[in-house]
Amino acid sequence: MRTALLKHGVRAAALTALVLATSLGGPAVAAPADRASLQEQSAPAGLDRRAPKPIDVKITGSGIEAPESAPAGLVSFRVTTDDANGRFLQAFRPHPGVTVDQVLADLAKAVSRQPVPTAEGMLAVRDEAEMFGGAQVTASVSETFTTPITAGEIVLLDFSAFLQDPAHPVTRTLRLHGSQRPGGPTGFPDSFVLARDTPDGPRFDVHGLDRTGDTILMHNSSQELHEMGIQPVAPGTTDAQIQAVFDRTAPGPLPYTGRPVGLGVVSPGRSVLLEIRDLPPGTYVIACFAPDGKAGIPDAMRGMHKVVVLT
C-alpha cells in the first residue's frame, strides 16, 4: 500500500491523517505543516492501527450468510456474492428508542421514487439510525469496508432485494461484542473522497484516486446521507456530459458500460475505508444516488458525480 504522504504530498496526507485520527478512534490532532511533524503525529493519531480480521459476508439469492457475532471496534466486512446481477449490502443500527421495523418503514418511503415521501423517508432514516456504509459487489468484484462500530447489535440488509420488495426485507442481525484486538498493519489509505455540502448542492472532492487497487477513505462531511457508487462509463466521458443527460439537455441514456460497485449509505460525520478487489482498469463515474432530504431527488442528478480514470 502506498502512503498518502509519498503519493500526494504533505497536504493531502495531513488531511487524511486528521480524518483517520478523529473518525477511526484516535485523538484529534492539528494538521501538521511538514513531513517531520506528520511522521511525529502519526503514532498518537492512531495511524499505525492494525487491521481487524474481516467478517465474511456473502449475499445470495437465498439470503445473507454471516456469523452471528464478532468483535466490536474497528470492524471490517468482506463482502462477496455469486449473483450474476450483483448485490448491494447495507449495514445500520437504529438509535436508542428506535426499532428496526421503524427504520425499514422509513427506508421504504425513501426508495418510493415519489418526491415528497422520498424526502421525508431520507430525513427520517438519517435521524433514526447510524448508517455504517455497505458494499455493492458483483460475482467478479468483491469489497471490504472498514469503519468503527461500538458493541451491540447491527443489521445487515440485502438492499438489492429491498429495492425490489421493500415489504419483505431480507436482513441478518450481527452482534458485536467487546473491543477489537489488533491484527496486521493498515497505514494510510491510497486515496481520499470527501462528500460535502456546497451552495450548488452536495459534491464529491476526490484526491489521489487513479488506480483500481487503491484503498479509498470516504468521509461524509455533509449534513445528509450519502453513498459512493462507482460505475464504468465509456472512455472520454466527462462530468459535463453526464450532467447534460440528467438535465435532459443531451439525448440518450447515461454512458454506463457495466454494473456498479462501491460503498453503501454513510451517516453524516462518518468515515469508511473501502477496498475493491479485481476492478478492471477504465473510466468510472463516482456518484451518489441517495435522494436528498428536501426534494427527494437523487444527489447525482444535482451534480454529485465525478469521473475518474483508473489504471
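Is V233 buried or exposed? With a relative accessibility of 3%, V233 counts as buried, because the cut-off for that label is under 20%. Keep this residue in mind as we tour the model, which is a predicted one.

## The chain as a whole

The protein chain holds seven helices and 19 strands. Of its 311 residues, 51% count as buried. Many of its contacts reach far along the sequence: when residues at least 6 apart are considered, 74% of the contacts join residues at least 24 apart. The chain exposes about 13800 Å², and carbon and sulfur atoms supply 53% of that area.

## The nine-stranded sheet

Let us turn to the sheet. Nine strands form an open sheet in the order 4-10-9-6-7-16-15-18-19, and their pairing is mixed. Strand 4 (69–71) and strand 19 (305–310) are the edge strands, each pairing on one side only. From one strand to the next, the twist averages 20°.

Here are three of the pairings, each with a pair of residues that stand opposite one another.

| Strands | Sense | Bridges | Opposite residues |
|---|---|---|---|
| Strand 4 and strand 10 (residues 171–177) | parallel | three | A70 and L176 |
| Strand 15 (residues 226–232) and strand 16 (residues 261–266) | antiparallel | four | M228 and L263 |
| Strand 15 and strand 18 | antiparallel | four | P232 and Y284 |

Strands of a sheet pair through backbone hydrogen bonds, in either the parallel or the antiparallel sense.

Helices cover parts of this sheet too. Helix 4 (residues 100–110) packs on it and touches strand 6 (87–94), strand 7, strand 9 (152–158) and strand 10. The direction of helix 4 makes about 130° with that of strand 6. Helix 5 (residues 115–128) lies across strand 6 and strand 7, and runs at about 110° to strand 7.

## Strand 15, covered on both faces

How many of the residues of strand 15 are buried? Seven of seven are, so the strand is mostly covered in the sense of having under 20% relative accessible area at each of these residues. In a regular strand, side chains alternate between the two faces of the sheet. On one side of strand 15 sit H226, M228, I230 and P232, and on the other E227, G229 and Q231; all of these are buried.

## Two nonpolar cores

M228 leads us from strand 15 to the largest nonpolar core, where M228 is among the residues with the most contacts inside it. That core has 60 residues, and V57, F77, V79, F145, L156 and L176 are also among those with the most contacts. Strand 7 (residues 129–137) gives this core its largest share, five residues. A second, separate core has nine residues, including V233, L254, A300 and V307.

Which residues does M228 touch, leaving out those up to four places away in sequence? They are V193, F204, I216, M218, V261, G262, L263, G264, L274, I286 and A287. L263, the residue opposite M228 in strand 16, is thus also one of its contacts.

## Back to V233 and on to helix 7

V233, a member of the second core, lies in the loop between strand 15 and helix 7. Leaving out residues up to four places away in sequence, V233 touches P255, Y256, T257, T283, Y284 and V285. V233 and T283 are 50 residues apart along the chain, yet their C-alpha atoms are separated by 5.7 Å.

Helix 7 (residues 239–246) has I242, Q243, A244, V245 and F246 buried. What covers the buried residues of helix 7 includes strand 18 (282–287) and strand 19.

## Two loop residues with positive phi

Where does R248 lie? This residue is in the loop between helix 7 and strand 16, just after the helix. Its phi is near 60°, a positive value in a residue other than glycine. R248 counts as exposed because its relative accessibility, 77%, is over 50%.

D278 belongs to the loop between strand 17 (271–277) and strand 18. The phi of D278 is near 65°, again a positive value in a residue other than glycine. D278 is exposed as well, with a relative accessible area of 62%. Both loop residues thus stand in contrast to V233: R248 is exposed and D278 is exposed, whereas V233 is buried.

Terms used
Residues numbered from 1 in each chain as written. Predicted model: local features only at pLDDT ≥ 70, side-chain atom pairs only at ≥ 80, totals over all residues. Heavy atoms only, no water. Buried < 20%, exposed > 50% of the residue type's maximum accessible area, 1.4 Å probe, protein only. Contact = heavy atoms within 4.5 Å. Areas by Shrake-Rupley, 256 points an atom, 1.4 Å probe, with all protein chains shown as cover. Core = buried A, V, L, I, M, F, W, Y, C linked by side-chain atoms within 4.5 Å. Pairing = 2+ DSSP bridges. Axes fitted to C-alpha atoms, helices over the stretch in contact; angles between N-to-C directions.
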